[in-house]
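This is a walk through one protein chain, from its surface to its pocket and its overall fold. Keep the sequence and the model at hand while reading.

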Amino acid sequence: MASSIPVKEEKLMDVRLGQLSSWIMIQDFTPKGIPGAFQRGYYQYYNKCVYVKKGGIAGISMVLAVYMLFNYRCCYRELRQEQLCKHH
């Protein structure tokens with residue numbers, strides 16, 4: 001079934017393997033285009049995961065997971081030193 005959406009406007013996940021090279025060639029890799037692509041991705045994520053009509057456990061669990069990883073990263077040196085001191 002042929003897609004009515006132009007190849008440039010399709011998301012990467014919707015591009016067929018035969019269209020991939022033409023999709024890559026059409027993309028804007030200029031210094032202004034790359035931040036625009038990140039901005040579009042950010043807004044797609046934000047609209048999908050943050051601006052939801054009916055919230056669930058997924059949004060809360062993502063926030064908690066990021067907080068736990070950030071906190072662990074911040075305390076890693078102290079935890080590592082404490083572990084090394086116990087072994088000696």
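**Surface patch, pocket and fold**

Ile-24, Phe-29, Ile-34 and Phe-38 together make a nonpolar surface patch of about 440 Å². The model is a predicted one, and the area is a computed value.

Take Ile-24 as one of the residues of this patch. Ile-24 sits in helix H1, which spans residues 20-26. Its relative accessibility is 38%. Because buried means under 20% and exposed means over 50%, with partly exposed in between, Ile-24 counts as partly exposed. Patch residues must have over 30% relative accessible area, and the 38% of Ile-24 meets that cut-off.

From the patch, turn to the empty space. A general point helps here: rolling a probe the size of a water molecule over the atoms shows where empty space is left. The largest pocket found in this model has a volume of about 530 Å³. Two elements give two or more residues each to the lining of this pocket, namely H1 and helix H2 (33-49). H2 supplies the largest share of the lining, with seven residues.

In total, 18 residues line the largest pocket. Those that lie nearest its centre are Leu-12, Trp-23, Gln-27, Ala-37 and Arg-40. What is the make-up of the lining by class? It holds seven nonpolar, six charged and five polar residues.

Now step back to the whole chain. The protein chain has three helices and zero strands, and from the N terminus on its elements run α-α-α. How many of its residues count as buried? Of the 88 residues, 7% do. The chain exposes about 8,600 Å², and carbon and sulfur atoms supply 64% of that area.

Technical notes
Residues are numbered from 1 along each chain as its sequence is written. This is a predicted model: local features need pLDDT of at least 70, side-chain atom pairs count only at pLDDT 80 or more; totals for chains, interfaces and linings use all residues. Side-chain values use heavy atoms; hydrogens and water are left out. Patches are made of residues with over 30% relative accessible area and no salt bridge: like charges are joined within 9 Å, nonpolar side chains (Val, Leu, Ile, Met, Phe, Trp, Tyr) within 5 Å. Accessible areas come from the Shrake-Rupley method with a 1.4 Å probe; for residues, only the protein chains shown count as cover. A salt bridge is a side-chain nitrogen of Lys or Arg within 4 Å of a carboxyl oxygen of Asp or Glu. Helices (H or I, at least four residues) and strands (E, at least two) are DSSP runs, numbered from the N terminus. Buried means under 20% relative accessible area, exposed over 50%, partly exposed in between (1.4 Å probe, protein chains only). On a 1 Å grid over the protein atoms alone, a cavity is a set of points where a 1.4 Å probe fits but cannot get out, and a pocket is an open set with protein on both sides within 12 Å along at least five of seven lines; lining residues have an atom within 4 Å of a point. Grid points are joined across faces, edges and corners, and a volume is the space filled by probe spheres set on the points. Ala, Val, Leu, Ile, Met, Phe, Trp, Tyr, Cys and Pro count as nonpolar, Asp, Glu, Lys and Arg as charged, and the others, Gly among them, as polar.
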